[in-house]
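This briefing covers the overall build of one protein chain, the packing of its helices and a few residues of interest. Please read it alongside the sequence and the model shown below.

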Amino acid sequence: MKDTIITARQKKREVITWLVCFLIANLINFYAIVTYEDTSFSELFTSLGYVFVASLAIYFLWTIIRILFYGLKKVLIVKK
């Protein structure tokens with residue numbers, strides 16, 4: 001079995017990707033708070049658990065899209 005090594009560059013890229021997903025989830029939460037006028041802005045902090053789970057869901061969805069894209073790209077490229 002082949003050993004794989006995850007480089008520091010790949011780890012950094014994945015952390016940045018997840019942080020972008022976390023930011024997107026926070027922006028969605030902020031939009032929901034602004035849209036519903038009866039909600040206070042303290043919901044930004046009290047709903048951090050939900051935002052964290054939503055960011056993981058967005059991250060895994062993005063990961064599936066990347067796997068499909070790179071898999072199709074690898075299959076469609078004709079090796080010379």
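Helices and strands are taken here as DSSP runs, of at least four residues (H or I) for a helix and at least two (E) for a strand, and they are numbered from the N terminus. On that basis the protein chain of this predicted model follows the pattern α-α-α when read along the sequence, with three helices and zero strands. Its radius of gyration is 18 Å, well over the 12 Å that the globule rule gives for 80 residues, so the chain is more spread out than a compact globule.

**Overall build**

- Along its principal axes, the C-alpha trace of the protein chain spans about 60 × 25 × 20 Å.
- Of the 80 residues in the protein chain, 15% are buried.
- Among the contacts in the protein chain with a separation of 6 or more, 61% are accounted for by residues 24 or more positions apart.

**Packing of α1 with α3**

- Two packed helices are described by the angle between their axes and by the distance between those axes.
- Helix α1, which covers residues 8–35, packs with helix α3, which covers residues 48–76, at an angle of about 125°, and their axes are 8 Å apart.
- An angle over 115 degrees but not over 145 falls outside the roughly perpendicular and roughly antiparallel classes, and α1 and α3 are therefore oblique to each other.
- The crossing in which α1 passes α3 is right-handed.
- On the α1 side, the contact is made by Glu14, Thr17, Trp18, Cys21, Phe22, Ile24, Ala25, Asn26 and Asn29, while α3 contributes Leu48, Val51, Phe52, Ala54, Ser55, Leu56, Ile58, Tyr59, Trp62 and Arg66.
- By residue class, the contact of α1 with α3 comprises 13 nonpolar, four polar and two charged residues.

**Serine 55**

- Serine 55 is found in helix α3, and its relative accessible area of 0%, set against a cut-off of under 20%, is why serine 55 counts as buried.
- When its neighbours within four places in sequence are left aside, serine 55 is in contact with Trp18, Cys21, Phe22 and Ala25, and these four residues are listed among those that α1 brings to its contact with α3.

**Tryptophan 62**

- Tryptophan 62 is likewise found in helix α3, but at 42% relative accessibility it counts as partly exposed.
- Between tryptophan 62 and tryptophan 18 there is a separation of 44 residues in sequence, and the C-alpha to C-alpha distance in space is 9.5 Å.
- Both tryptophans take part in the contact between the two helices, Trp18 from α1 and Trp62 from α3.

Definitions and conventions:
Residues numbered from 1 in each chain as written. Predicted model: local features only at pLDDT ≥ 70, side-chain atom pairs only at ≥ 80, totals over all residues. Heavy atoms only, no water. Axes fitted to C-alpha atoms, helices over the stretch in contact; angles between N-to-C directions. Parallel < 35°, antiparallel > 145°, perpendicular 65-115°, else oblique. Left-handed = near helix turned anticlockwise from the far one by under 90°. Contact = heavy atoms within 4.5 Å. Nonpolar A, V, L, I, M, F, W, Y, C, P; charged D, E, K, R; others polar. Buried < 20%, exposed > 50% of the residue type's maximum accessible area, 1.4 Å probe, protein only. Rg over C-alpha atoms; globule rule 2.2 N^0.38 Å.
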